[in-house]
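User: I am new to this structure and would like a guided introduction. Please present the model and then take my questions in turn.

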Amino acid sequence: MTVLSSTTTASNCTATTGKVSTFSTSALEQSTCNSVSTDEAFTDGTILEMPNLRMFTLAELKNATKNFKAENVLGEGGFGKVFKGWVDEKTLSPTKSGLRMVVAVKKLNPEGMQGFEEWQFLTPFLSLQSEVNFMGKLSHPNLVKLLGYCLEEKDLLLVYEFMSKGSLENHLFRRGAAFEPLSWSLRLKIAIGAARGLAFLHSSEKRVIYRDFKASNILLDPNYNAKLSDFGLAKDGPVGTDSHVTTRVLGTCGYAAPEYIATGHLYVKSDVYGFGVVLLEMLSGQRALDTNRPSDQHNLIDWAKPYLVDRKKLARLMDPRLEGKYPSKGALQAAQLTLRCLANEPKSRPSMKEVLETLEDIEAMKVQSRESKNASSQNRPRRHGQAPVHPRSPVRPRQGGPGVGSPAVSRSPKAR
Ligand SMILES: Nc1ncnc2c1ncn2[C@@H]1O[C@H](COP(=O)(O)OP(=O)(O)OP(=O)(O)O)[C@@H](O)[C@H]1O
Ligand SMILES: [Mg+2]
């Protein structure tokens, strides 16, 4: 993760360090979150009184991951590596036989913080506290399940449900046989799943703000159901008549909302901005920030917004990996939704409930149009050999588009 400091601006977003002024490890034990009701539309999620987590020993997790074997590495983020592990389905104890379940073990690496100020050693603890408080209690089909954790002296590990298709980031930007381009309908499915997860968080009484919505935190199961992971930055939203909470500016460059970067005021709608950035990445196949692009195009939002306004311009922005196989009306509606999510004023952005409904309408429209096409094709002779449309963005570098060849995982230092 790239961390934003309070002096970061949208235009000069660079990797800097955040600052944590207070922290108590006892916070891990005192998790007091009342059971809350959720909006009717999102009742498939629940919030538990107490996190239902298993405490692992380091020896158990060594055992489960074959001593953190290199070939079991699933990926690496700013806080350390994520390993594949095997545990018993019922007891979650490491096992080599019987009913085994695959898990993902994130090994937070305080040594990765070297070069940072000394107090930043504590940031993994802060992250762990957040993960346990939020992820341990929130249960929803579109949130990655936190199964347990290990806290032994300097060792901090988190154990999650395993998401076999990895991250959306890998699918959008990584090249290779393992990463088939995502079709339009899969992109919509993923956007809808992620929107459901975020809508659930926002709809709860506490209005949880996720704060780190980005393509690498959207993980996919074997059927491309999307789930949000990483709650290290999640925060209880404003209560009563308050519109926002004020907090240190932490998050990821390119995804954080402008009002949050400028003032530290964090709104529920700050998450909606992040969602808009990911939608734009899904439409364009371009990373939110990419210094391999020409300098005036480093920030995707800055240069891509004008392409979202009409069909012709949009066709030049759309991801060439879609090979033109998308309904142009649906794409335009998604583009218009993206623009609304990226509005400068939080108030002007739609709620996640509205975002979800719009995406579902686009999905339904696509099915309808396919049905009506099928009906009309029964009455019309088929046209063979039609060339697919290959829209090409005039701003895309000629060789290897942005993101091509860039690392699949962020290795930039992370502090929360
Ligand atoms: N539960 C999981 N199941 C399967 N793979 C996972 C899981 N969690 C993480 N990964 C893999 O590990 C990679 C690294 O994840 P991690 O959350 O540590 O970093 P990140 O999200 O890429 O970056 P950041 O450190 O900025 O959050 C992911 O991109 C994904 O490929
Ligand atoms: Mg992550």
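Analyst: UniProt positions follow the numbering used here, with feature names shortened, and annotations may be inferred rather than shown by experiment. This is a predicted model, in which local features need pLDDT of at least 70, side-chain atom pairs count only at pLDDT 80 or more, and totals for chains, interfaces and linings use all residues. Residues are numbered from 1 along each chain as its sequence is written, and chains are lettered from A and ligands numbered from 1 in the order in which they are written.

User: At which residue does UniProt place the feature "binding site"?

Analyst: The record is an unreviewed entry. The residue that it marks lies in strand β5 (residues 100–108), strands being DSSP runs of E with at least two residues and helices runs of H or I with at least four, numbered from the N terminus. The feature is placed at Lys107.

User: Does Lys107 count as buried or exposed?

Analyst: A residue is buried if 20 or more other C-beta atoms, placed from the backbone, lie within 10 Å of its own, exposed if 12 or fewer, and partly exposed in between. Lys107 has 20 C-beta neighbours inside 10 Å, and therefore counts as buried.

User: What is the order of the strands in the open sheet?

Analyst: Two strands pair if DSSP finds at least two bridges between them. The sheet has six strands with mixed pairing. β2 (54–55) and β3 (73–77) each have a single partner strand, so they stand at the edges. The order is β2-β7-β8-β5-β4-β3.

User: In which sense do β2 and strand β7 pair?

Analyst: Arg54 has Gly148 in β7 as its bridge partner. Over two bridges, β2 and β7 (residues 146–152) pair in the sense called parallel.
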